[in-house]
Amino acid sequence: MPTPHGNRGGMAFSAAELLVLRRALTHALAHPEDAHPDDLGDYLRLAASIEEATAEAGRMRAFRLDELGRYRGALPGSAVGYLDLLEDALNNGYVPLPEDHAALRDLLARPCAPSERLRRSDLLARCRRVVPPAVRRPAPRPVRPAPGTPRPLAGVPVLTATRRSRAEAARRRHPAMPVLAPR
């Protein structure tokens with residue numbers, strides 16, 4: 001059943017309701033002998049209106065997602081607008097991107113009022129719940145050297161494979177001289 005949508009005077013349909021309506025129209029148009037001749041024109045106009053509304057909804061969704069990306073890119077200055085857009089997007093079925101998670105973590109690390117901190121942490125928790133477990137990626141683990149591998153000293157350049165082979169060749173030529181890797 002259609003439900004009133006705000007003060008605009010229009011009617012909104014859920015995705016399931018649109019699916020049922022489309023099936024009914026498809027059936028009615030596939031079997032015109034069952035319909036009254038005057039109704040066929042109405043069915044065609046209704047089908048065209050549904051397609052137009054669906055296309056417009058897709059355009060609006062794309063615009064809102066682009067807007068969300070623009071606000072995310074302007075963080076932290078656009079925090080209030082970004083959080084409003086993200087909340088609206090989540091309410092409309094948006095699956096947050098890793099960039100959204102990172103942006104929320106960054107915003108949580110910044111000073112703000114306790115009520116704003118609560119809003120930010122609630123949104124981050126909500127984003128974490130929305131992402132299906134199969135899509136979640138574990139946090140990258142730091143790469144640790146194998147046991148027995150010497151750690152590089154601070155301030156001493158690490159030798160790349162090419163530099164290492166040059167250094168070893170120089171060490172063979174002059175075993176008594178220490179070899180410093182070129183920068």
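These exercises work through a predicted model of one protein.

**Exercise 1. Layout**

Task: State how many helices and strands the protein has, and give their order from the N terminus.

Solution:
- Count the elements: the secondary structure comes to 6 helices and 2 strands.
- Read them from the N terminus: the run is β-β-α-α-α-α-α-α.
- Add the burial figure: of the 183 residues in the protein, 17% are buried.
- Add the contact range: take contacts between residues at least 6 apart in sequence, and 43% of them join residues at least 24 apart.

**Exercise 2. The largest nonpolar core**

Task: Find which residues touch the most other members of the largest nonpolar core, and which elements give two or more residues to it.

Solution:
- Start with the members: the core has 15 residues, and Tyr82, Leu86 and Leu104 touch the most other members.
- Assign the elements: α3 (79-91), α4 (98-109) and α5 (114-130) each give two or more residues.
- Rank the shares: α3 supplies the largest, with 6 residues.
- Place this in context: nonpolar side chains tend to be buried together in soluble globular proteins.

**Exercise 3. Packing of α3 and α4**

Task: Decide whether α3 is parallel or oblique to α4, and list the residues that make the contact.

Solution:
- Take the geometry: the two helices pack at an angle of about 135°, and their axes lie 12 Å apart.
- Classify it: this angle makes α3 oblique to α4, because it falls outside the roughly perpendicular range of 65 to 115 and is not over 145.
- Add the hand: α3 and α4 cross in a left-handed sense.
- List the contact: α3 brings Ala79, Tyr82, Leu83 and Leu86, while α4 brings Asp100, Ala103, Leu104 and Leu107.

**Exercise 4. Around Tyr82**

Task: Name the residues in contact with Tyr82, leaving aside neighbours within four places in sequence, then describe the peptide bond that joins Leu75 and Pro76.

Solution:
- Collect the contacts of Tyr82: Leu68, Tyr71, Arg72, Leu75, Asp100, Ala103, Leu104 and Leu107.
- Pick out Leu75, one of these contacts. A cis peptide bond joins Leu75 to Pro76, with omega about 5°.
- Locate Pro76: this residue sits in the loop between α2 (37-73) and α3.

**Exercise 5. Cysteines**

Task: Find how many disulfides the whole structure holds, and say whether Cys112 and Cys127 are buried or partly exposed.

Solution:
- Search the whole structure: 0 disulfides are found.
- Check Cys112: its relative accessibility is 25%, so Cys112 counts as partly exposed.
- Check Cys127: its relative accessible area is 0%, so Cys127 is buried.

How values were computed
Residues numbered from 1 in each chain as written. Predicted model: local features only at pLDDT ≥ 70, side-chain atom pairs only at ≥ 80, totals over all residues. Heavy atoms only, no water. Core = buried A, V, L, I, M, F, W, Y, C linked by side-chain atoms within 4.5 Å. Buried < 20%, exposed > 50% of the residue type's maximum accessible area, 1.4 Å probe, protein only. Helix = DSSP H or I, 4+ residues; strand = E, 2+ residues; numbered from the N terminus. Contact = heavy atoms within 4.5 Å. Disulfide = S-S within 2.5 Å. Axes fitted to C-alpha atoms, helices over the stretch in contact; angles between N-to-C directions. Left-handed = near helix turned anticlockwise from the far one by under 90°.
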